[in-house]
Amino acid sequence: MMTYDLIYDVIVVGAGHAGCEAALAAARMGCRTMLLTINLDAIALMSCNPAIGGLAKGHLVKEIDALGGEMAKNIDATGIQFRILNTRKGPAVRASRAQADKQLYRLRMKRVLEQQSNLDLKQGEVTALFIECDELRGVDTRSGIRFLSKTVVVTTGTFMRGLIHIGLTNYPGGRAGDLPSIGLSDQLRSLGFGVGRLKTGTPARLDSRTIDFSKLETQHGDDPPIPFSFSTVRITMPQVPCHIAYTNQRSHDIIRSGLDRSPLYSGVIEGVGPRYCPSIEDKVVRFPEKDRHQTFIEPEGLETVEVYPSGMSTSLPIDVQIPFYRSILGLERVEIMRPAYAIEYDYVDPVQLHSSLETKLIRNLYHAGQINGTSGYEEAAGQGLLAGINAALRVKDRDPLVLDRSQGYIGVMIDDLVTLGTKEPYRMFTSRAEYRLLLREDNADLRLRDIGHGLGLVPDHEYASFVRKREMIVNDLERIATTRITLADQENTVLSRLGIEDIQKGTTLEHLLKRSDITYAELAEMDNVSRETPAKVREQVEIQTKYRGYIDRQLEQVERSKKLETAAIPSELDYAAIKGLTSEVREKLGKNRPDTLGQASRIPGITPAAISILAIALKANTWKGGSK
């Protein structure tokens, strides 16, 4: 084994969405970083749907951007359709989504990585961690090169012992066309990590030239398109439509006829699949009463004929896939360019991680992305960003960055993973966040921009723009609280048009804006100063004014829970020495080794009484084996 003659601060294994964010974060924080991947041409490859964002996932992308990550800027530069979802609902659950030009997305991210100072890109398969005298020293590759590093971030995606299934045929692969990673998961298991098996899948890629789009529903994006990044001024890419199609009873009959050769139903697949993104055969079996299932036909780029039928993933044999897709109205003559498939892969139980994403078993080793049991580009990127940040902070001998559940969806996701673990691919939902009114897409910069700038990830010019916006919001909130209407002609005209008659002279603009029947746009028709307020400031002022009571209540809840969240539990605590805990509670706490009382309180089966006993023991220091 040849030892490379350079010692890195951070080595990132894998260049998917987690690996890209981890490598960029560490390098931008001044650490000598290497990104090591099996295939340099597959950096940031969208192996499944050609889109970024969606419900709750859009929140993650906005938070990544606020902290100084790259995903939002990358989709803004390469997106070919942008939509805001849930516009008829409250601001907490509105979400951004964008179709990407798949190849442009990959190429731009590769270019950003190549041009980043402090970052080396190398192609190679990591087969083992290099551990010497119980200390992580680097990684070994199949090509016989040992790379040394102070920290390692593992972001292997679906590559660890990846196995692709098409019908009853299966073969090793990290995804279609790529080799799997062999050896690393076996080593992790031998080191004491709990390694499990998960499954995911992807639909066929279809030739758009063989689709009759006149029979499908057209879905256009928003006009004008709204960017993801707080730094993007406007979207310059050409925008294209998607189309909606539906399965039918004949489609479902074809699916049922092939179930005996489905690896999902014949017992060939061992891994657990994503409950919230089932394959089409799973939908047909689980929901027999449904006459049809919807699919969005999504373009994969401006310069390709390939399209992606969202929601139609399957692992059925190709001789079943062809008639199935052709049974859909408008797709009667469709040609499959790439068959659908399912993939099984190894993951590591995330309860063996600290909230920093450092493993509890091996110091200086961090896990991010699908190795932690998550599903989705956005979930992976959020973890990768935090893992890269914390690896860099470890090199700098600084405390880790841990986002709590009241600070961001990234904090919710990581806390869910390290506290509860997962037995199926974890996907982010707004319902997972108990403080979701505070964690909106629109205020991600107000929540996290200061942190990103403090880490050196948000450039000074972007931060200065943010500070100006924040000051304008504060000033406008103060202004509308003290500005009163006089019921002049201009004001009366607007109020009369809106059918509002119960407004008294001297009413403040703030009082008006609190009403459900008046928007900031209508306020601007009555008030010349409001008319000049920038759109991004208007949005914040309106949301903060209309929802102030609800927001204040959630802030009070956050304050009440802080004592638990900040009460650290020593890693060496001996739970057996704490009197009053049941054997079941001791077993659960000993297995999970929570970092804080807050984490302990969210472990299933840990009662409030157990938390009280634990808190008293920590305060009194009545446990064996360490100091407080």
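**Note on the predicted model**

1. The protein exposes about 26400 Å², and carbon and sulfur atoms supply 50% of that area. For a reader new to this structure, it should be said at the outset that this is a predicted model, and the remarks below apply to the model as such.

2. On overall dimensions, the C-alpha atoms fill a box of roughly 80 × 75 × 50 Å when it is taken along the principal axes. The radius of gyration of the protein is 26 Å, which agrees with the value near 25 Å that a compact globule of 628 residues would have.

3. As to the interior, buried residues, meaning those under 20% relative accessible area, make up 56% of the 628 residues in the protein. If one considers contacts between residues at least 6 apart in sequence, 73% of them join residues that are at least 24 apart.

4. The secondary structure consists of 21 helices and 20 strands. One pair of helices is described here in detail, namely helix 2, which covers residues 57-67, and helix 11, which covers residues 444-455.

5. The axes of helix 2 and helix 11 come within 7 Å and cross at roughly 35 degrees, and the crossing in which helix 2 passes helix 11 is right-handed. On the side of helix 2, the residues that take part are Lys62, Glu63, Asp65, Ala66 and Leu67, and in helix 11 they meet Ala444, Asp445, Arg447, Leu448, Arg449, Ile451 and Gly452. By character, the residues of this contact divide into six charged, five nonpolar and one polar.

Key:
Residues numbered from 1 in each chain as written. Predicted model: local features only at pLDDT ≥ 70, side-chain atom pairs only at ≥ 80, totals over all residues. Heavy atoms only, no water. Axes fitted to C-alpha atoms, helices over the stretch in contact; angles between N-to-C directions. Helix = DSSP H or I, 4+ residues; strand = E, 2+ residues; numbered from the N terminus. Left-handed = near helix turned anticlockwise from the far one by under 90°. Contact = heavy atoms within 4.5 Å. Nonpolar A, V, L, I, M, F, W, Y, C, P; charged D, E, K, R; others polar. Rg over C-alpha atoms; globule rule 2.2 N^0.38 Å. Buried < 20%, exposed > 50% of the residue type's maximum accessible area, 1.4 Å probe, protein only. Areas by Shrake-Rupley, 256 points an atom, 1.4 Å probe, with all protein chains shown as cover.
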